[in-house]
Amino acid sequence: MTEDCLFCKILAGDVPSDVVYSDEFVIAFKDIYPKAPFHVLIIPRKHIATLNDTGDDDIELTGRLFSAAKAIAAEQGFAEDGYRMMMNCGEGGGQIIFHLHLHLMAGKTFNA
Ligand code: AMP
Ligand code: ZN
């Protein structure tokens, strides 16, 4: 838990969230301002600020963000139609919450 990190507070249960998936390594919850009919954020339980801050020890953990995305998409019925994943890195990349997260969006057809 890193103080002043919103997503660490969500992990600790101090800030409410709508959790759709949880395992030993990651949790996923609904984005509060969804940009698609289904939009969740998949985050590691370990606080890592950005992709730039991952080390070789985190390779498996970053992979788990994607395996969770695949499992959630299947669970929610989006596997066949397809879905989009996105990760912003740093301010220039549009990151506003500095706790690593993978966006998973589905329920519409995305262009390019
Ligand atoms: P990013 O720009 O990649 O850092 O994305 C951060 C995302 O967190 C945005 O899509 C926000 O809508 C979302 N967000 C911000 N506060 C909350 C919250 N309390 N619960 C769920 N999602 C949030
Ligand atoms: Zn955090």
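Here is a short tutorial chat about reading a predicted model with a bound ligand.

Q: Let's start with the ligand. Which residues come nearest to ligand 1?

A: Start by listing the neighbours. In this predicted model, there are 17 residues around ligand 1, and Asp-31, Gly-94, Ile-96, His-101 and His-103 come nearest.

Q: What kinds of residues make up the shell around ligand 1?

A: Sort the neighbours by chemical class. Here the shell divides into nine nonpolar, five polar and three charged residues.

Q: Where does ligand 1 sit?

A: Look at the pockets next. Ligand 1 is found in the largest pocket. Two elements give two or more residues each to the shell: helix 1 (6–12) and strand 2 (26–30). Helix 1 gives the most, with three residues.

Q: Which protein atoms have an oxygen atom of ligand 1 at polar-contact distance?

A: Check backbone and side chain separately. On the backbone side, a polar atom of Gly-94 is 2.8 Å from an oxygen atom of ligand 1, and a polar backbone atom of Ile-97 is 3.0 Å from an oxygen atom of the ligand. On the side-chain side, an N or O atom of His-101 is 2.7 Å from a ligand oxygen.

Q: And how much of ligand 1 does the protein bury?

A: For that, take the ligand alone and then with the protein around it. Taken alone, ligand 1 exposes 510 Å², and the protein buries 89% of that.

Q: Now for single residues. Is His-39 buried or exposed?

A: Compare its relative accessibility with a cut-off: buried means under 20%. His-39 is at 2% relative accessibility, so it counts as buried. You'll find His-39 in strand 3 (residues 38–44).

Q: What does the side chain of His-39 contact?

A: Look for a polar partner. The side chains of His-39 and His-103 are joined by a polar contact of 2.9 Å. You've met His-103 already, among the residues that come nearest to ligand 1.

Q: Why does Arg-45 count as partly exposed?

A: The middle class runs between the 20% and 50% cut-offs. Arg-45 has a relative accessible area of 36%, so it is partly exposed. Arg-45 lies in the loop between strand 3 and helix 2 (59–75). Phe-66, in helix 2, gets the label "partly exposed" because its relative accessible area is 43%.

Q: How do I spot places where the chain folds back on itself?

A: Set sequence separation beside spatial distance. Arg-45 and Phe-7 are 38 residues apart along the chain, with 9.1 Å between their C-alpha atoms. For Phe-66 and Ile-42, the separation is 24 residues in sequence and 8.5 Å in space, C-alpha to C-alpha.

Notes:
Residues are numbered from 1 along each chain as its sequence is written. Chains are lettered from A and ligands numbered from 1 in the order in which they are written. This is a predicted model: local features need pLDDT of at least 70, side-chain atom pairs count only at pLDDT 80 or more; totals for chains, interfaces and linings use all residues. Side-chain values use heavy atoms; hydrogens and water are left out. A residue is near a molecule or strand if one of its heavy atoms lies within 4 Å of it. A polar contact is a pair of N or O atoms within 3.5 Å; within protein, one must be able to donate a hydrogen and the other to accept it, and residues adjacent in sequence count only if both atoms are side-chain atoms. Accessible areas come from the Shrake-Rupley method with a 1.4 Å probe; for residues, only the protein chains shown count as cover. On a 1 Å grid over the protein atoms alone, a cavity is a set of points where a 1.4 Å probe fits but cannot get out, and a pocket is an open set with protein on both sides within 12 Å along at least five of seven lines; lining residues have an atom within 4 Å of a point. A molecule sits in a cavity or pocket if more than half of its atoms lie within 2 Å of its grid points. Helices (H or I, at least four residues) and strands (E, at least two) are DSSP runs, numbered from the N terminus. Ala, Val, Leu, Ile, Met, Phe, Trp, Tyr, Cys and Pro count as nonpolar, Asp, Glu, Lys and Arg as charged, and the others, Gly among them, as polar. Buried means under 20% relative accessible area, exposed over 50%, partly exposed in between (1.4 Å probe, protein chains only).
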